[in-house]
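Subject: Two-chain model for you to look at

Hello,

Here is the structure I promised to pass on. Please open it first, then read my notes below.

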Amino acid sequence: MALTVLDQAEFADNPEPRCPVVLLLDTSGSMHGAAIGELNEGLRAFKEAIQADRLAALRVEVAILPFGGSVKPIDVRADTSTAFEPGQPFVIVDGFDPPILTANGDTPMGSAVRQGLQLLRDRKEIYKANSVDYFRPWMFLITDGKPTDEWHASSQLLRDEEARKGVIFFAVGVEGADLQILGQFSGQRAPLRLKGLAFGELFQWLSKSLSAVAHSRPGEQAPLPPVGWAQVDT
Amino acid sequence: MTTSTLTNWRLLGASVTGTSHTKSGLPCQDAHAYCEVAGCALIAVADGAGSAERSAEGAQRASQAALAAMAAALSGGWPATPEPWRDVFAAAYAAAKSELEQLASAAGRPSRAFATTLLCAGISDQGLAVAQLGDGVAAAFAPTGGANAAGDWFLAAQPQRGEYANETYFLSQDDALQHLEVAVYAEPVRALALMTDGLLRLVLNGQRQPHVPFFEPLLAFGVEVDDAAQGNGQLAAFLASERVCARTDDDKTVVLALRLPPGFRA
């Protein structure tokens, strides 16, 4: 078609809407060995899978909150030329450097859930202050045990946030996890038990799910892919 | 050759399927309709909901029904005061909603299978009236005669969003008409562009105002067009271009209305 003056139309440069996800990862002593190794591999697979989807790579933002002995967000930025701000640990997948986690200590799950909720709340304020659109955040918890800290208040905070539609929460129990306690953290969804150490499959599923959300338009309930990585309890 | 008609407005429009839809074999779920009645340009633009399986039809039928209702209401010319506009639009949207319900009933499906947003506008020498339900965008050009080009374009309708990026209102929902927003402007608007949200991040700047480096060439294009059918083809080609598709994979619609010089005959 012949050139028209439309070729001179310039586009505005706006940030993509964001899909924030906080990963609460159990790095207590019992995860030592094969479990933490597979978990680390899973995080690498997660990045690769999302990066294959260019739109999702620019929209999905990750923060990682390992809990083992202590709980605090870690720096997972590929670009560390500026100082890390623990209050703002989110990074888009395109700029995410998968960490190598090590296992040690007990299981402060209650504190992890509380901090995770705070991180998401703060992130939403940053979005609003900068006119960045966002999708409903995800909080994804993986554990092989049960909380060793006070957790009842945290689980109530989480259930309240879910009821307000402020967060989508998934809990995954690895062999040894106390699913009965884990089940009390959510009012919407039962926890799932991971098949063996199928972290690779789990993170592939997570990346597909988040990509579906990142692409979703008004009026779409993005259907989640089938959960092949979970054990069905008989 | 048929006798030419005295025409006040050049109207151009195109709706193009987004790359995400072509990939998954979905049709274009955007639709638009426009006409000129009693010297006024009337426009309706609709964006069918992504996963609603008949939303392409919903968007088409809703935009046509709303346009027909507006055309009937404006047959006597532009209202002398702003008051009638709320009723004009309420009736047009009710007609469009009822159209979806009839479609649903005939197909044995729920109305939400035909879910669509709907953005409507009427424009004349006396002013501009806009009605919004959903996340479309309307940018209007009112020359102030000053040196500041940015001051001439303003946002006449902005997207209605819930907290999350994938939330807005649809005509099919029960309380749809309660969310209808109507605005009437007395400025002598000389050009108007209505768009669906596929172009949202390309055409609004960081302050959520019209991005002038996009709208000025669009306006210049409209002025240069001789033949409306050819102009529509060029507009569609632009929306389908690599440059646009690199920035958005959604369906895209632009309808442009420009005031023609007095005495212009089509």
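**Two loops in chain A**

Lys165(A) sits in the loop that joins α4 to β6 (168–173) of chain A. Helices here are DSSP runs of H or I with at least four residues, strands are runs of E with at least two, and both are numbered from the N terminus. Before going on, note that this is a predicted model: local features need pLDDT of at least 70, side-chain atom pairs count only at pLDDT 80 or more, and totals for chains, interfaces and linings use all residues. Residues are numbered from 1 along each chain as its sequence is written, while chains are lettered from A and ligands numbered from 1 in the order in which they are written.

Back to Lys165(A). It is not a glycine, yet its phi is positive, about 60°. Most residues other than glycine have a negative phi. Lys165(A) counts as partly exposed, because it has 13 C-beta neighbours inside 10 Å. The cut-offs are these: a residue is buried with 20 or more other C-beta atoms within 10 Å of its own, exposed with 12 or fewer, and partly exposed in between, with C-beta atoms placed from the backbone.

Ser131(A) is another such case. Its phi is positive too, about 55°, and it is not a glycine. Look for Ser131(A) in the loop between α3 and β5 of chain A. Ser131(A) counts as partly exposed because it has 13 C-beta neighbours inside 10 Å.

**Helix α3 of chain A**

Ser131(A) comes just after α3(A). That helix covers residues 109–129, which is 21 residues. From first C-alpha to last it reaches 30 Å, close to the 30 Å expected at 1.5 Å a residue. The expected span is 1.5 Å times one less than the number of residues.

Which residues of α3(A) are buried? Among them are Met109(A), Ala112(A), Val113(A), Leu117(A), Leu120(A) and Arg123(A). The buried residues of α3(A) pack against β1 (19–26), β2 (60–68), β3 (70–71), β5 (138–143) and α4 (152–163) of chain A.

**Chain A as a whole**

Chain A has 6 helices and 8 strands. From the N terminus on, the order is β-α-α-β-β-β-α-β-α-β-α-β-α-β. Its C-alpha atoms fill a box of roughly 65 × 40 × 35 Å along the principal axes. The radius of gyration of chain A is 18 Å, which agrees with the value near 17 Å for a compact globule of 234 residues. That radius is taken over C-alpha atoms, and the globule rule is 2.2 Å times the number of residues to the power 0.38. Of the 234 residues in chain A, 45% are buried. Among contacts in chain A between residues at least 6 apart in sequence, 79% join residues at least 24 apart. Two residues are in contact if their C-beta atoms, placed from the backbone, lie within 7 Å.

**Chain B as a whole**

Chain B has 7 helices and 10 strands. Its radius of gyration is 18 Å, close to the 18 Å that the globule rule gives for 266 residues, so chain B is as compact as a globular protein of that length. The C-alpha box is roughly 50 × 45 × 45 Å along the principal axes. Buried residues make up 51% of the 266 residues in chain B.

One residue to click on is His32(B), in strand β2 (residues 30–37) of chain B. His32(B) is buried, with 24 other C-beta atoms within 10 Å. Leaving aside neighbours within four places in sequence, its contacts include Gly13(B), Ala44(B), Ser63(B) and Val255(B).

**Cores**

How many residues does the largest nonpolar core have? It has 86. Helix α2 (residues 55–73) of chain B gives the largest share of this core, 8 residues. A second, separate core of 64 residues includes Leu65(A), Ala112(A), Trp138(A) and Phe170(A). A nonpolar core is a set of buried Ala, Val, Leu, Ile, Met, Phe, Trp, Tyr and Cys residues joined through C-beta atoms within 7 Å.

**Where the chains meet**

The contact takes 34 residues from chain B and 24 residues from chain A. On the side of chain B that touches chain A, α5(B) gives the most, with 7 residues.

Best wishes
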